[in-house]
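User: Hi! I am new to protein structures and would like to learn how to read one. Could you walk me through it?

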Amino acid sequence: MPHTRIMLYRMLADALVLLHLGFVAFVVLGALLVRRWPWLAWAHLPAVAWGVWIEWSAGLCPLTPLEQRLRRAGGEAGYASSFVEHYVLPLLYPLGLTPAIQAGLAVCVLALNAGLYAGLWRRRRRPPPARR
C-alpha cells in the first residue's frame with residue numbers, strides 16, 4: 001500500500017507540472033485562442049495579469065511549492081529554484097533565472113499579448129465587406 005501512495009504523489013506532481021506548463025502556454029499564447037473564441041478573453045486577460053505580475057515581482061507561483069511537496073511525499077527530491085527556472089528556462093537560456101530575465105519575460109508576454117489583442121481589436125473594428 002505505501003508504494004501505491006508514493007506512486008500517486010509522483011503522478012500528481014507530474015500532472016501538476018503539465019497543468020502548470022499549460023497555464024504558462026495559455027498566458028503566452030492564449031490570445032490566439034481568443035481569436036476563435038472571444039469569450040475566452042475573460043479568462044485570458046486575468047491569466048496574463050497574474051503571469052506578468054509573478055514574473056515582474058520575481059514572485060513564486062503557488063503551484064511550485066505544491067509540486068515540490070508532492071515530489072517529497074512521493075520520495076523524490078524537490079528543487080530549490082522556481083518552476084520557470086527548473087522546467088522552462090533550461091529550454092530557453094543556459095544560465096539561471098535572474099530578476100532581470102524575469103522582467104524581460106514579463107515585457108515579452110505583455111508585448112506579445114498587446115500586439116495580438118491590438119490585431120483582434122482592429123479586425124473587429126473593420127467594417128464587413130460590402131455585398132454585391
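User: Let's start with a single residue: which residues does Val27 touch, leaving out those up to four places away in sequence?

Analyst: Good place to begin! Keep in mind that this is a predicted model. Leaving out those close neighbours in sequence, Val27 touches His44, Ala47, Val48, Gly51, Val109 and Asn113.

User: What is the larger group that Val27 belongs to?

Analyst: Here is the general idea: in soluble globular proteins, nonpolar side chains tend to be buried together. In this model, the largest nonpolar core has 13 residues, and Val27 is among those touching the most other members, along with Val34, Val48, Val52, Val109 and Tyr117. Helix 1 (2-36), helix 2 and helix 5 (99-125) each supply at least two residues of this core.

User: How many helices and strands are there in the protein chain?

Analyst: The chain has 5 helices and 0 strands, so its pattern along the sequence reads α-α-α-α-α. Of its 132 residues, 30% count as buried.

User: How do I read an aromatic pair?

Analyst: Look at how far apart the ring centres lie and at the angle between the ring planes. The count here is 1 aromatic pair: Trp50 and Trp53, with 5.6 Å centre to centre and 40° between the planes. That angle makes the pair tilted, because tilted covers what is neither under 30 degrees nor over 60.

User: Where do Trp50 and Trp53 sit relative to each other in helix 2?

Analyst: They are 3 residues apart in helix 2 (residues 41-56), which means about one helical turn separates them.

User: And is Trp50 buried, partly exposed or exposed?

Analyst: Trp50 is partly exposed, because its relative accessible area is 34%, between the cut-offs of 20% and 50%.

Methods: Residues are numbered from 1 along each chain as its sequence is written. This is a predicted model: local features need pLDDT of at least 70, side-chain atom pairs count only at pLDDT 80 or more; totals for chains, interfaces and linings use all residues. Side-chain values use heavy atoms; hydrogens and water are left out. Helices (H or I, at least four residues) and strands (E, at least two) are DSSP runs, numbered from the N terminus. Buried means under 20% relative accessible area, exposed over 50%, partly exposed in between (1.4 Å probe, protein chains only). Rings of Phe, Tyr and Trp (its six-membered ring) pair if their centres lie within 6.5 Å; planes under 30 degrees apart count as stacked, over 60 as edge-to-face and the rest as tilted. A nonpolar core is a set of buried Ala, Val, Leu, Ile, Met, Phe, Trp, Tyr and Cys residues joined through side-chain atoms within 4.5 Å. Contact means heavy atoms within 4.5 Å.
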